Amino acid sequence: MIDNTEIKDKLVLITGASGGIGGAVAIQFASAGAHLALTYSTNISSLETLASSLKTSFPDLQISLHEVDLTIEESIQKVFQDVKKKHDADVDILVSNAGYGKRISEIWDIPSSEFDKMIDINLKASFLLVKGVVDGMKAQKWGRIIFISSIAAYGAGINGCHYAASKGGLNSMMMNLSSHLAEFNITVNSVSPAMVGSTGMIPDEDSVPGLVETIPLGRLCKPSEVANVVSMFACTGFVTGQSLVVAGGLKHL
Ligand SMILES: NC(=O)c1ccc[n+]([C@@H]2O[C@H](COP(=O)([O-])OP(=O)(O)OC[C@H]3O[C@@H](n4cnc5c(N)ncnc54)[C@H](OP(=O)(O)O)[C@@H]3O)[C@@H](O)[C@H]2O)c1
């Protein structure tokens with residue numbers, strides 16, 4: 001019988017696992033007994049450190065590392081080939097987390113090349129990633145797709161319209177896919193966080209002066225708190241088409 005609450009021994013592909021949120025998601029899934037295919041772009045040392053600690057703590061898990069440039073379609077295709085080779089299995093859970101967030105607030109300062117880059121990494125890559133995993137999920141009638149979006153999807157946050165557009169598109173794509181893929185027992189959800197510390201985007205409270213004072217809960221979010229929600233979506237197979245805002249009480253609507 002199909003278990004829609006258990007992720008032990010599933011294979012999860014997590015993009016951007018070299019970063020703050022992706023790394024926390026990898027720890028969460030390893031703790032639940034899932035095998036990991038983890039991607040990085042430039043920061044191999046951060047991912048190697050994480051992988052080596054996970055391999056020590058969870059010696060029975062298969063953990064593979066993959067370089068990818070999400071702006072290049074062939075680079076994404078190579079990840080699928082390598083994951084198949086390393087794990088000899090289809091991806092059960094996709095966490096499309098990697099993202100780019102160069103902070104430029106005002107439209108008159110945003111070059112059109114930055115808009116294109118933002119859309120390529122934050123939106124088009126997720127489309128290509130889903131295309132690459134969906135056939136396997138359909139065949140086995142089990143799949144979980146989770147996008148890391150942002151409070152920016154609702155027009156809020158400290159970044160500009162290029163970032164908002166990429167994350168808004170991601171949430172719309174999530175809702176559309178959830179209705180198309182439900183018949184295959186594939187759920188599609190997103191997490192929309194704000195102000196997550198210990199990340200490349202917001203390393204600590206001092207990286208954006210005055211920011212913490214604007215957050216009703218009075219602190220930055222921890223990457224593990226975002227990872228908890230990702231895990232909840234993976235383990236709760238009756239939830240689909242939802243985006244959960246993790247924003248410390250910040251208004252987003
Ligand atoms: N931090 C926040 O406050 C916050 C709030 C809302 C949403 N988010 C979202 O959370 C997600 C994770 O970000 P984070 O906060 O954890 O920041 P982060 O620590 O900077 O992580 C970003 C990750 O994305 C990867 N990446 C960036 N460009 C890439 C490319 N062209 N190809 C492949 N991978 C690429 C990075 O790889 P390398 O480091 O290896 O280059 C890194 O692993 C993003 O989608 C972001 O938009 C973050």
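Trainee: What makes β1 and strand β4 (residues 93–96) a pair in this predicted model?

Mentor: Bridges. β1 and β4 are joined by 3 bridges and run parallel. Pairing needs at least two bridges, so the count qualifies. Val 12 stands opposite Ile 93 in β4.

Trainee: Which helix lies across β1 and β4?

Mentor: Helix α4, residues 112–140. Helix α4 lies across β5 (143–148) and β6 (186–193) as well. The direction of α4 is at about 175 degrees to β4. Helix α5 (residues 161–181) also packs on the sheet, touching β5, β6 and β7. The directions of α5 and β6 make about 160 degrees.

Trainee: How do you know that β1 and β2 pair, and in which sense?

Mentor: Strand β1 (residues 11–14) and β2 share 4 bridges, in the parallel sense. The cut-off is at least two, so they count as paired. One partnership to look at: Leu 11 has His 35 of β2 as its bridge partner.

Trainee: What makes β2 and β3 a pair?

Mentor: The same test applies. Strand β3 (residues 63–67) and β2 pair in the parallel sense over 5 bridges. At least two are needed, so the pairing stands. Ala 37 is placed opposite Ser 64 in β3.

Trainee: Why is β2 called mostly covered?

Mentor: Strand β2 spans residues 35–40, and 6 of its 6 residues are buried. Buried calls for 20 or more other C-beta atoms within 10 Å. His 35, Ala 37 and Thr 39 point one way, while Leu 36, Leu 38 and Tyr 40 point the other way. All of these are buried, so the covering holds in both directions.

Trainee: Why do the side chains of a regular strand point to two faces?

Mentor: In a regular strand the side chains alternate between the faces of the sheet.

Trainee: Which elements make right-handed β-α-β units with β2?

Mentor: One unit is β1, helix α1 (residues 20–31) and β2. Another is β2, helix α2 (residues 44–57) and β3. Right-handed means a clockwise path over the helix, with the strands pointing away from the viewer.

Trainee: What is the strand order of the open sheet?

Mentor: The 7 strands run β3-β2-β1-β4-β5-β6-β7, with parallel pairing. 

Trainee: Why are β3 and β7 called edge strands?

Mentor: Each of β3 and β7 (243–246) pairs on one side only. From one strand to the next, the twist averages 15 degrees.

Trainee: Why is Thr 236 called partly exposed?

Mentor: Thr 236 has 15 other C-beta atoms within 10 Å. Exposed stops at 12 and buried starts at 20, so 15 falls in between. Thr 236 is found in the loop between α6 (223–235) and β7. The C-alpha atoms of Thr 236 and Val 246 are separated by 18 Å, at 10 residues apart along the chain.

Trainee: And what makes Ala 165 partly exposed?

Mentor: Its count is 17 other C-beta atoms within 10 Å. That is under the 20 for buried and over the 12 for exposed, so the label follows. Ala 165 is found in helix α5. Ala 165 and Ile 119 are 46 residues apart in sequence, yet 7.7 Å apart in space, C-alpha to C-alpha.

Trainee: Which residues come nearest to the ligand?

Mentor: Gly 16, Gly 19, Gly 99, Thr 199 and Gly 200, of the 30 residues around the ligand. Helix α1 gives the most to the shell, with 3 residues.

Trainee: How many residues of each class does the shell have?

Mentor: The shell has 14 nonpolar, 15 polar and 1 charged residues. Gly counts as polar, so Gly 16 belongs to the polar class.

Notes
Residues are numbered from 1 along each chain as its sequence is written. This is a predicted model: local features need pLDDT of at least 70, side-chain atom pairs count only at pLDDT 80 or more; totals for chains, interfaces and linings use all residues. A residue is near a molecule or strand if its C-beta atom, placed from the backbone, lies within 6 Å of it. Axes are lines fitted to C-alpha atoms, for helices over the stretch in contact, and angles run from 0 to 180 degrees between N-to-C directions. Two residues are in contact if their C-beta atoms, placed from the backbone, lie within 7 Å.
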